[in-house]
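Open your viewer, switch to a cartoon view and keep the selection panel at hand. We will go from stop to stop, selecting a few residues each time.

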Amino acid sequence: MSLAPVLALAQYPFPSADDYCVAVEARKGFWRMQSTTYLEWTGRYTPTFIQGALSHWDLATIYPWFCVLTVVATLLAARAAISALAPRRLSQVELAATAVVATVVFIGRLPSPTEAFFWMTSAITYQWAIIVYLVWLALLVGIVGQERPGVGRGIAAVILTVLLPGFNEVLAPVVLMTIAGVVAVDRRRTGRSHSFLMWLLGMAVVSTVVSLAAPGNAIRSNSYPDIPSRHNLGFALIETGRQSVRFLADFASYPLLWVAAFAAWWWRGPRLDSSALRRGSRVGTAILVPVAVVYITLFPLYWEYGAVNHTGEGRTYNVTYFCFLATVVWAVGRVLDETSRRWPGLRARLQMSPALDLVMASALVALMVTAPGTVHAFRTLPQGPEYLAAQQARET
């Protein structure tokens, strides 16, 4: 029910100015568009490639299908990641239910649903980066511990490793930290370096350099106002810290996130292995990781724009928000694991209450239906036909 209004709204979006600008560039030739964009505007080579391919169709015709596909792909990517990360094998029903809850939790407090699902240029650059990241993460988890990954899995991992850093600068450091962490975990388990994972790490580093070193990045950067706070390390470090506090204050007060995180632990949903952490450091690490990932993903924004973009961008905040949600679920699991270890009788007493499962499930459903994103989608839905008709008349 919570996803229904979002899927219904996907019938009414219409191309924006940026979409038409990209389509005009694509008319000059697909490969010419790739080179011109890289040299004169941006190093985000993956969205440029995808948009160039999509621009061969009539955008007004494919727009609703693209928006629906983005919502569905988010759900399927969440399912893939949950299946790979779950500490026990989940049934198809459990897996589907968990993926739906995870997707609703994500959409329910998303900083900018419009830029995530209903604006093609932004969705390709940011939301599809999240989708591809989740699929890539599932592939990496499947490779860990294998001497030689299957040919199909290996090829897919290579392709996605090359594509991911080219989506946007916000997710790029997360990609590098993820593959470096997977390499470290595999080495700790096996006592040696996994050659294929090391190759993937090298590819991720090279791809990140290729994206960030694009000549077009400097040209685009020079189009912004030249103010002292831009590319100012001191300002960026301090402002990112201040904005991180503001971000955490806004999004850590999301009740559905905490109920879902507790439910994931209670019902043994997805959680990462913490065996490598010393027991005394689990709680401290769990608290620091969500804060650190917020800071790292916000830093590029205030380094590049300085005080120009004071309150941030919804689309970049969407990526930070996704990383925050994922690390909170992990952190809650770590804290509750440590609590169960220190006070084993507490969980036993909770398990003696058969009503707890019902209460938790009811709370989840109630919070999903009343989540801000769900309520906003329901309220916006009646305006959809009128908006689409106005945009079609405008295009005509």
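The tour below visits helix pairs, a buried helix face, the cysteines and a few single residues. Please keep in mind throughout that this is a predicted model.

**Stop 1: α9 and α11**

Start by selecting residues 151–163, helix α9, together with residues 195–212, helix α11. The two helices pack at an angle of about 25°, and their axes are 8 Å apart. Angles under 35 degrees count as roughly parallel, so α9 is roughly parallel to α11. The crossing of α9 past α11 is right-handed.

Now show side chains at the contact. From α9, pick Gly154, Ala157, Val158, Thr161 and Val162; from α11, pick Phe196, Leu200, Met203, Ala204 and Ser207. Colour them by type and you should find 7 nonpolar residues, 3 polar ones and no charged ones.

**Stop 2: Val210, further along**

Keep α11 on screen and select Val210, which sits in that helix. Is Val210 buried or partly exposed? Its relative accessibility is 36%, so Val210 counts as partly exposed. Beyond its neighbours within four places in sequence, Val210 is in contact with Tyr38 and Tyr45. Add Gly43 to the selection as well: Val210 and Gly43 are 167 residues apart along the chain, yet their C-alpha atoms are separated by 7.4 Å.

**Stop 3: the buried residues of α4**

Next, select residues 45–54, helix α4. Highlight Thr46, Pro47, Thr48, Gln51, Gly52 and Leu54, which are buried. What covers these buried residues? The cover includes α2 (17–26), α3 (30–40), α5 (59–85), α8 (120–143) and α9, the last of which you have already met.

**Stop 4: the cysteines**

Select the cysteines and look for bonds between their sulfurs. How many disulfides are there? The count comes to 0. Take Cys67 as an example: its sulfur is 18 Å from the closest cysteine sulfur, that of Cys21, which is too far for a bond. Cys67 is also buried, with a relative accessible area of 0%. Cys323 counts as buried too, at 5% relative accessibility.

**Stop 5: α14 and α16**

For another helix pair, select residues 255–266, helix α14, and residues 314–342, helix α16. Their axes come within 9 Å and cross at roughly 50°, so α14 is oblique to α16. Here α14 passes α16 in a right-handed crossing.

On the α14 side, show Leu257, Trp258, Ala261, Phe262, Ala264 and Trp265. They meet Phe324, Leu325, Val328, Val329, Val332, Gly333, Leu336, Asp337 and Ser340 of α16. How do the residues of this contact divide by type? There are 12 nonpolar, 2 polar and 1 charged.

**Stop 6: two residues of α13**

Finish by selecting residues 233–251, helix α13, and zoom in on Ser244. Ser244 counts as buried, at 4% relative accessibility. Leaving out residues up to four places away in sequence, Ser244 touches Val294, Tyr295 and Leu298.

Then move to Glu239, which is also placed in α13. Glu239 counts as buried, with a relative accessibility of 9%. Add Tyr302 for the last view: Glu239 and Tyr302 are 63 residues apart in sequence and 6.9 Å apart in space, C-alpha to C-alpha.

Conventions
Residues numbered from 1 in each chain as written. Predicted model: local features only at pLDDT ≥ 70, side-chain atom pairs only at ≥ 80, totals over all residues. Heavy atoms only, no water. Axes fitted to C-alpha atoms, helices over the stretch in contact; angles between N-to-C directions. Helix = DSSP H or I, 4+ residues; strand = E, 2+ residues; numbered from the N terminus. Parallel < 35°, antiparallel > 145°, perpendicular 65-115°, else oblique. Left-handed = near helix turned anticlockwise from the far one by under 90°. Contact = heavy atoms within 4.5 Å. Nonpolar A, V, L, I, M, F, W, Y, C, P; charged D, E, K, R; others polar. Buried < 20%, exposed > 50% of the residue type's maximum accessible area, 1.4 Å probe, protein only. Disulfide = S-S within 2.5 Å.
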